[in-house]
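Student: I'd like to take a close look at one part of this structure with you. Could you walk me through it slowly?

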Amino acid sequence: MAMASRFWASKAASYLKISTFNRAFASVVKDLRYADSHEWAKIDGNSATIGITDHAQDHLGDVVYVELPEVGVAVTQGSSFGAVESVKATSDINSPVSGKVVEVNQELSSSPGLVNGSPYEEGWIIKVELSNTNEVKSLMDSDQYSKFCEEEDNH
Amino acid sequence: MIAAVDFCLSSPIPSWTILSHSDRRTSWRAAVSPIISAESNSLFQQSSRRRCLFYDMHKEVIPFAEAWSWQKSVVEERKTLIDSNEDGLDALIALQHQPVYTLGTASSENNLNFDIKNPPFPLYQTERGGEVTYHGPGQLVMYPIMNLRYQKMDLHWYLRALEEVVIRVLFSTFGLTASRVEGLTGVWVGDKKLAAIGIRVSRWLTYHGLALNVSTDLSPFKEIVPCGIRDRGVGSIKELLIGYDGDDGKLIDIAHDSLVKEFCQVFQVELCHQPISMLNH
């Protein structure tokens, strides 16, 4: 019985493009690219939507504040563009790609918890116009990122 | 096996320790500074602990802006090293501040009982987490700049570890039983907070840190809702020591020595005194 439900759960999961039964129990979405500082990027032609991963929000705890950049500023791969605060610790959010910020998620000013509740959807943080699409190749895919998280958690 | 020692700063024996694997990646500048052993009374050298640069200004009252600028430049320097796959050593700055109020990233003006444009003391909006707090003479402030890759890459662990340092100091040196309150980072004796904690993390490098009220004048805390907590108060070691009428300076020294010792224990580091001029380069 447990085997059957696991089978259906994994079929459903692969349809929804989320991987389950991850030891860390944090979800990782296929088709996104990931940075080793736990940000994700959804690439769509020349633009990218960026947020932090489920693994990151889980480790942070309740996000009480998100520091957003101004629209129009430049971001550089690997450099900080904003910050998230949770229980007395504020940490940098680094951009997985370089480019120009074209939109920020203003909802996060009043509802920073969206980062926890919906890290890949409503909790998106910025949208960027890419300056160098080649950079995407240096990011991890979902399988590589899952493995990376496992290794980091066992550190 | 750990030998029990008294941490003694008065007669340091400079010595060289064998660099551990993680130390080999440190910059040349850090490698040439002498080590002051935590066990200056014994021949046994602990070479397994990571070295940590120590800027000890605990008897001095430093303007907030200056110390803030030191921290930021140390962090920037380390990030540059990390970019080229090296790293500097961790650092600890210990000092007292001139009277100042500081805000964290999410701080609300509602927690100020004064007009933000006309504060009774200088007010700084910083990049650390946490709400408004006060720093002033009589309060020991510690700013550890640690790369959590060498500790645990877990912010909650780090906050709990900072609390642990203070809890141990209060108990072992002052016989005070302190505790944590879930959801309210800091160190409490009863319903009074003795130590406030607020940090910033950038690429796993932490800065800002903790502030412990030793003999602080607590009246400036009345002008704020400290850390945004309305139904609890703020305390100090001095007011909890019944019958203590000794010198404040002596109390600060005793608390400082204990903080340093417990810091080394909790974070498993060996402190290495640096001249303050190194921060101003």
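Student: In which sense do strand β5 and β7 of chain B pair, and over how many bridges? Please describe the sheet around them too.

Tutor: Happy to! Keep in mind that this is a predicted model. Strand β5, residues 100-103 of chain B, pairs with β7(B) in the antiparallel sense, and three bridges join the two. You can find one contact point by eye: look for Thr102(B), whose bridge partner in β7(B) is Thr133(B).

Now let's widen the view to the sheet. It is an open sheet of three strands in chain B, ordered β6-β5-β7, and its pairing is mixed. At the edges stand β6 (123-125) and β7 (133-135) of chain B; each has a single partner strand, so one side of each is left without a neighbour in the sheet. Neighbouring strands here are not lined up exactly: on average they are turned by 30 degrees against each other, direction ignored.

Next, add the helix. Helix α2 of chain B, residues 64-83, lies across β5, β6 and β7 of chain B. Against β6(B), helix α2 of chain B runs at about 25 degrees.

Finally, here is the setting for this part. Chain B holds five helices and 14 strands. Of its 281 residues, 55% count as buried. The accessible surface of chain B is about 12400 Å², with 54% of that belonging to carbon and sulfur atoms. As for contacts in chain B between residues at least 6 apart in sequence, 74% join residues at least 24 apart.

Note on methods:
Residues numbered from 1 in each chain as written. Chains lettered and ligands numbered in written order. Predicted model: local features only at pLDDT ≥ 70, side-chain atom pairs only at ≥ 80, totals over all residues. Heavy atoms only, no water. Helix = DSSP H or I, 4+ residues; strand = E, 2+ residues; numbered from the N terminus. Buried < 20%, exposed > 50% of the residue type's maximum accessible area, 1.4 Å probe, protein only. Contact = heavy atoms within 4.5 Å. Areas by Shrake-Rupley, 256 points an atom, 1.4 Å probe, with all protein chains shown as cover. Pairing = 2+ DSSP bridges. Axes fitted to C-alpha atoms, helices over the stretch in contact; angles between N-to-C directions.
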